[in-house]
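Me: Please pick a single part of this model and walk me through it closely. I'd like the cut-offs spelled out as you go.

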There are 2 protein chains.
Amino acid sequence: MVSDAPPPDLLAILERAGCRDTAPRRAIVSLLEQKQEGFTLEALSDELPSVGRATVYRTVKLFQEAGAVCKLATINGSHIYSLCGVGHHHHHTVCVECGAVEEFRVDAVERLIGEISADIPGEVISHRLELYVNCHSCPASKGK
Amino acid sequence: MVSDAPPPDLLAILERAGCRDTAPRRAIVSLLEQKQEGFTLEALSDELPSVGRATVYRTVKLFQEAGAVCKLATINGSHIYSLCGVGHHHHHTVCVECGAVEEFRVDAVERLIGEISADIPGEVISHRLELYVNCHSCPASKGK
DNA sequence: TAAGGATTGGTACCGAATATCACTAAATGT
DNA sequence: ACATTTAGTGATATTCGGTACCAATCCTTA
């Protein structure tokens, strides 16, 4: 149920997009590939003092467009980014305590949306579903 | 299926919150109560030149906290606000062409989320679901 | 190795929203 | 009715997340 999709090959994505092979992009990629959790671009940029803010934002946006990074809403309305498997529609759980993001895909959701569509005025083009959880693996959620 | 919940009584909400009865708030309320669609605070503020920006933002935030106004993500990541019925969990459709917002509630969604919860690591606290549609009642969507 | 376009990064800028704070107006007590 | 108190207001400054700009620099390829 919870997807264990392999992390996307970011370098391959860059190559496919016809991007040049540069040091800043390599730095961003290798940091991104270690990310298990949701992150902010602010923080990402801070972790890469040798790379300019603009380049970090630009590069992540590129991955976003390629579907390798998703921008999610947290429960309080702010945004976090998360690496995610490419090529399949999916949703996310976001831990309200630690911000950990898990990707999941449940066919029942897609099926249900399909059924609902018939009763919705207009044509359903896409949807967004986020579950907010206590992830039970972060200290803050322990024992709750 | 699509909810026809009566619009919330905004003045009553203010009163319940212990707010004073002031001209700026009345102006905001009467404008808000006419809103059938999603709106931006920017636009709302522009329609009320006699009321300060800060007051518009503050007052809408108050309604947000009371659950009478929801802040939704559009498909492109920007935000719109929408009046909505208080007191029951619901979701929204957002027309990608004209921005019209409809509120809906389908028990099947809640039931499904409940079922999924069992398979999600951690405890599901809440969720967010948005459907993006062509609403078929705006000119831009016509004939598609 | 020189030319030429992509990339970079510092900075300015943008839109959305909040903080500040002196001023004003509503409620309350007398 | 008036003074007092306290919430509310609004002009402005500031923050936050993100994008635009642009001269300098780096890849690539010929």
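Reply: Contact here means heavy atoms within 4.5 Å, and helices (H or I, at least four residues) and strands (E, at least two) are DSSP runs numbered from the N terminus. This is a predicted model, in which local features need pLDDT of at least 70 and side-chain atom pairs count only at pLDDT 80 or more, while totals for chains, interfaces and linings use all residues. Residues are numbered from 1 along each chain as its sequence is written, chains are lettered from A and ligands numbered from 1 in the order in which they are written, and side-chain values use heavy atoms, with hydrogens and water left out.

With that settled, let's look at helix α5 of chain A and follow its surroundings outward. In this helix, A108(A), V109(A), L112(A) and I116(A) meet A108(B), V109(B), L112(B) and I116(B) of α5(B). Sorted by class, the contact between α5(A) and α5(B) has 8 nonpolar, no polar and no charged residues. For those classes, Ala, Val, Leu, Ile, Met, Phe, Trp, Tyr, Cys and Pro count as nonpolar, Asp, Glu, Lys and Arg as charged, and the others, Gly among them, as polar.

How do the axes of the two helices cross? The axes of α5(A) and α5(B) (residues 107-117 of chain B) come within 11 Å and cross at roughly 175 degrees. That makes α5(A) roughly antiparallel to α5(B), the label for angles over 145 degrees (under 35 is roughly parallel, 65 to 115 roughly perpendicular, and the rest oblique). Axes are lines fitted to C-alpha atoms, for helices over the stretch in contact, and angles run from 0 to 180 degrees between N-to-C directions.

Next comes the sheet. It is open and has 6 strands in the order β4(A)-β3(A)-β5(A)-β5(B)-β3(B)-β4(B), with mixed pairing; two strands pair if DSSP finds at least two bridges between them. β4(A) and β4(B) stand at the edges with a single partner strand each, so one side of each is left without a neighbour in the sheet. Neighbouring strands are turned by 25 degrees against each other on average, direction ignored.

Now back to the helices. α5(A) packs on this sheet, touching β3 and β5 of chain A together with β5 of chain B, and its direction makes about 135 degrees with that of β5(A). α5(B) also packs on the sheet, touching β5 of chain A along with β3 and β5 of chain B; its direction makes about 135 degrees with that of β5(B).

Towards the edges, β3(A) (residues 91-95) and β4(A) (residues 101-104) pair in the antiparallel sense over 4 bridges. T93(A) has E102(A) as its bridge partner in β4(A). These two strands form a hairpin with 5 residues between them, and G99(A) in the turn has a positive phi of about 80 degrees. In chain B, β3(B) and β4(B) pair in the antiparallel sense over 4 bridges too, and H91(B) stands opposite F104(B) in β4(B).

One residue of the helix ties in with this region: E110(A), which lies in α5 (residues 107-117) of chain A. Leaving out residues up to four places away in sequence, E110(A) touches H89(A), H91(A), R105(A) and H127(A). A polar contact of 3.2 Å joins the side chains of E110(A) and H91(A). A polar contact is a pair of N or O atoms within 3.5 Å; within protein, one must be able to donate a hydrogen and the other to accept it, and residues adjacent in sequence count only if both atoms are side-chain atoms. As for H89(A), 21 residues separate it from E110(A) in sequence, and the two are 9.1 Å apart in space, C-alpha to C-alpha.

Finally, to place all this in the chain: chain A has 5 helices and 5 strands, and along the sequence these follow the pattern α-α-α-α-β-β-β-β-α-β. The C-alpha trace of chain A spans about 50 × 40 × 25 Å along its principal axes.
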